[in-house]
Amino acid sequence: MRRQARQGEARVWALTALLAMLAVAVVHAAEQRHVAPLEQPWATWWTLAAMFAISEVFVVHVPRVTSASSHSLREIPTAFGLLLLTPSQYMIAVIVGTGAALLFVVRQRGTKLAFNLALFGFEAALAFTIYRALGVAEPLGLPGWLAVLFAVLVASAGGALLTDFAIFLTGDGFSRAAALRGLVINSFSAIANCSVAILTL
């Protein structure tokens, strides 16, 4: 049993390293194709970091087969970040904000903390890549709202699937019904939170 646990943890560490490297590579590539974000006097990386931290503290936990999935308001600062920050600023805000919340408030440590940070970084990089690839001319119009929503939905769904995969790697089991339920909840949450962010701007 201990050997299986160690093997599962090693596999999760490998997945964590891969996600972290992909996130860094994607953000570096995005910086080379820099597009000026919208200007807002309050839009700094540390403001968004605080938003990410708050969103990770106040979460809803949905029971799963052998664990629980968490759903937060993270899509609100995510949408802000896509519109208002550069790729590197966005990544710093995500890592610093969520890292502070998970480390000092949620008290995560070890593999779980490292995986979550790598996962959030990868989600951020993926969302930024999709949003910029759509080349929206009117960020605050209907095309912009749809672009942000699509980017966040894809990144959120990818994050949920990767979380399920990490759970599977640890040997804790996998339930298609639970995974599907998580995707549906994530989608509704993303739509609502992105709408709030766009309307606020």
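## A tour of the helices and their contacts

Phe 128 is buried, with a relative accessible area of 3%. Select this residue to begin; the model in the viewer is a predicted one.

**The partner of Phe 128**

Next, add Tyr 90 to the selection. At 2% relative accessibility, Tyr 90 is also classed as buried, because the limit for that class is under 20%. Tyr 90 and Phe 128 make an aromatic pair of the tilted kind, with 5.4 Å from centre to centre and 45° between the planes. The two residues come from distant parts of the chain: Tyr 90 belongs to helix H4 (residues 87-105) and Phe 128 to helix H5 (residues 110-134), 38 residues apart. Add Phe 52 to the view, and one aromatic cluster is complete, formed by Phe 52, Tyr 90 and Phe 128.

**Thr 78, beside the cluster residues**

Which residues does Thr 78 touch, leaving aside those up to four places away in sequence? Select Thr 78 in helix H3, which covers residues 75-84. Its contacts are Phe 52, Tyr 90 and Val 152, and two of the aromatic cluster's members, Phe 52 and Tyr 90, are therefore among them. Thr 78 has a relative accessibility of 11% and counts as buried.

**A second look at aromatic pairs**

A pair of aromatic rings is described by the distance of the centres and the angle of the planes. The count of aromatic pairs in this model is 3. One of them is made by Trp 42 and Phe 80: the ring centres are 5.4 Å apart and the planes stand at 75°, so the pair is edge-to-face. This pair, too, links distant parts of the chain, since Trp 42 sits in the loop between helix H1 (2-32) and helix H2 (45-57), Phe 80 sits in helix H3, and 38 residues separate them. Colour the two by accessibility: Phe 80 is buried at a relative accessible area of 5%, whereas Trp 42 is partly exposed at 31%.

**Salt bridges around Arg 74**

Move now to Arg 74 and show its side chain. How many salt bridges does the structure hold? There are 2. In one, the side chains of Glu 56 and Arg 74 meet at 2.7 Å, N to O. Glu 56 lies in helix H2 and Arg 74 in the loop between strand E2 (68-71) and H3, 18 residues apart, in distant parts of the chain. Glu 56 counts as buried at 8% relative accessibility, and Arg 74 counts as buried at 18%.

In the other, the side chain of Arg 74 meets that of Glu 123 at 3.3 Å, N to O. Glu 123 belongs to helix H5 and Arg 74 to the loop between E2 and H3, so this pair ties together parts that lie 49 residues apart in sequence. Both Glu 123 and Arg 74 are buried. With Arg 74 as a shared partner, the salt bridges join Glu 56, Arg 74 and Glu 123 into one network.

**Along helix H5**

Select the whole of H5, the helix that holds Phe 128 and Glu 123. At 1.5 Å a residue, its 25 residues should span 36 Å; the end C-alpha atoms are 37 Å apart, which agrees. Just after H5 comes Gly 135, with a positive phi of about 55°.

**A nonpolar patch on the surface**

Switch to a surface display and select Ile 54, Val 57, Phe 58, Phe 104, Val 105 and Val 106. Together these residues form a nonpolar patch with about 590 Å² of accessible area. Helices H2 and H4 each supply at least two residues of the patch. Phe 58 lies in the loop between H2 and strand E1 (60-63) and is exposed, with a relative accessible area of 61%.

**The whole chain**

Finally, clear the selection and view the full model. The secondary structure comprises 7 helices and 2 strands, arranged along the sequence in the pattern α-α-β-β-α-α-α-α-α. Of the 201 residues in the chain, 44% are buried. Among contacts between residues at least 6 apart in sequence, 77% join residues at least 24 apart. The accessible surface of the chain comes to about 10600 Å², and 69% of that belongs to carbon and sulfur atoms.

Notes:
Residues are numbered from 1 along each chain as its sequence is written. This is a predicted model: local features need pLDDT of at least 70, side-chain atom pairs count only at pLDDT 80 or more; totals for chains, interfaces and linings use all residues. Side-chain values use heavy atoms; hydrogens and water are left out. Helices (H or I, at least four residues) and strands (E, at least two) are DSSP runs, numbered from the N terminus. Buried means under 20% relative accessible area, exposed over 50%, partly exposed in between (1.4 Å probe, protein chains only). Contact means heavy atoms within 4.5 Å. Rings of Phe, Tyr and Trp (its six-membered ring) pair if their centres lie within 6.5 Å; planes under 30 degrees apart count as stacked, over 60 as edge-to-face and the rest as tilted. Patches are made of residues with over 30% relative accessible area and no salt bridge: like charges are joined within 9 Å, nonpolar side chains (Val, Leu, Ile, Met, Phe, Trp, Tyr) within 5 Å. Accessible areas come from the Shrake-Rupley method with a 1.4 Å probe; for residues, only the protein chains shown count as cover. A salt bridge is a side-chain nitrogen of Lys or Arg within 4 Å of a carboxyl oxygen of Asp or Glu. The expected span of a helix is 1.5 Å times one less than its number of residues.
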